[in-house]
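Please open the model in your viewer and keep the sequence panel beside it, since this tour moves from one selection to the next.

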Amino acid sequence: MGTNEYYCKAYTIAFRLTGEERMASQMAVLAIENTAPEMNTGDVPSIMLKNTAREILRIFLSEPNFQTFDNNKTAVYSENILLQKAVLSLEPINRAAIVWRDMLGFKIDDLAETAECSKQTLYCELNNARMEIRRQLIDAVQ
């Protein structure tokens with residue numbers, strides 16, 4: 001993947017977690033600086049994106065100012081606004097688990113160290129997040 005695609009993907013991951021453009025941009029830049037400070041232009045190995053995604057989640061889970069979302073603000077420009085709002089309503093650990101596993105397709109085992117909790121706990125949080133999103137989407141269409 002090229003550097004521009006890498007930057008866009010890092011921003012998208014941060015936006016899925018924060019739901020706010022400015023915060024997502026700040027978090028993505030910080031994560032890129034922490035994982036690839038002297039990145040050259042050209043091809044970016046996929047492992048770098050995974051490392052950056054892990055850093056984005058670490059920042060998200062450790063910095064409370066990145067975890068808040070004002071549902072009254074219309075900051076969501078996703079093709080699926082209901083899904084994004086449902087994700088943003090989740091607790092930070094649930095949000096991290098669902099973005100990592102269901103949106104990015106990474107193994108939940110890889111998040112355990114970053115989230116500083118057990119794989120079993122993360123699977124539980126992932127299932128809770130899925131149920132809550134399902135409930136919110138059903139409520140929204142009724």
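A helix here is a DSSP run of H or I that is at least four residues long, and helices are numbered from the N terminus. With that in mind, and remembering that this is a predicted model, select residues 119-141, which form helix α7, and find asparagine 128 within them.

Colour the chain by secondary structure next: the protein has 7 helices and 0 strands, so that its elements, read from the N terminus, run α-α-α-α-α-α-α.

Return to asparagine 128 and show its surface. Is this residue buried or exposed? Asparagine 128 is partly exposed, because its relative accessible area of 34% falls between the 20% and 50% cut-offs. From asparagine 128, draw a C-alpha to C-alpha distance to isoleucine 98, which lies 30 residues away in sequence and 9.5 Å away in space.

Isoleucine 98 leads into the interior, for the largest nonpolar core has 36 residues, and Ile98 is listed with Leu17, Met27, Ile56 and Leu111 as having the most contacts inside it. Select α1 (3-18), α2 (21-35), α3 (46-62), α4 (81-88), α5 (92-103), α6 (109-115) and α7 in turn, as each of them supplies at least two residues of this core.

Now centre the view on leucine 111 and display its neighbours: leaving aside residues up to four places away in sequence, leucine 111 touches Leu57, Ala96, Ala97, Trp100 and Leu122.

Finally, zoom out to the whole protein, where buried residues make up 40% of the 142 residues, and where the accessible surface comes to about 8000 Å², with 49% of it belonging to carbon and sulfur atoms.

Definitions and conventions:
Residues are numbered from 1 along each chain as its sequence is written. This is a predicted model: local features need pLDDT of at least 70, side-chain atom pairs count only at pLDDT 80 or more; totals for chains, interfaces and linings use all residues. Side-chain values use heavy atoms; hydrogens and water are left out. Buried means under 20% relative accessible area, exposed over 50%, partly exposed in between (1.4 Å probe, protein chains only). Accessible areas come from the Shrake-Rupley method with a 1.4 Å probe; for residues, only the protein chains shown count as cover. A nonpolar core is a set of buried Ala, Val, Leu, Ile, Met, Phe, Trp, Tyr and Cys residues joined through side-chain atoms within 4.5 Å. Contact means heavy atoms within 4.5 Å.
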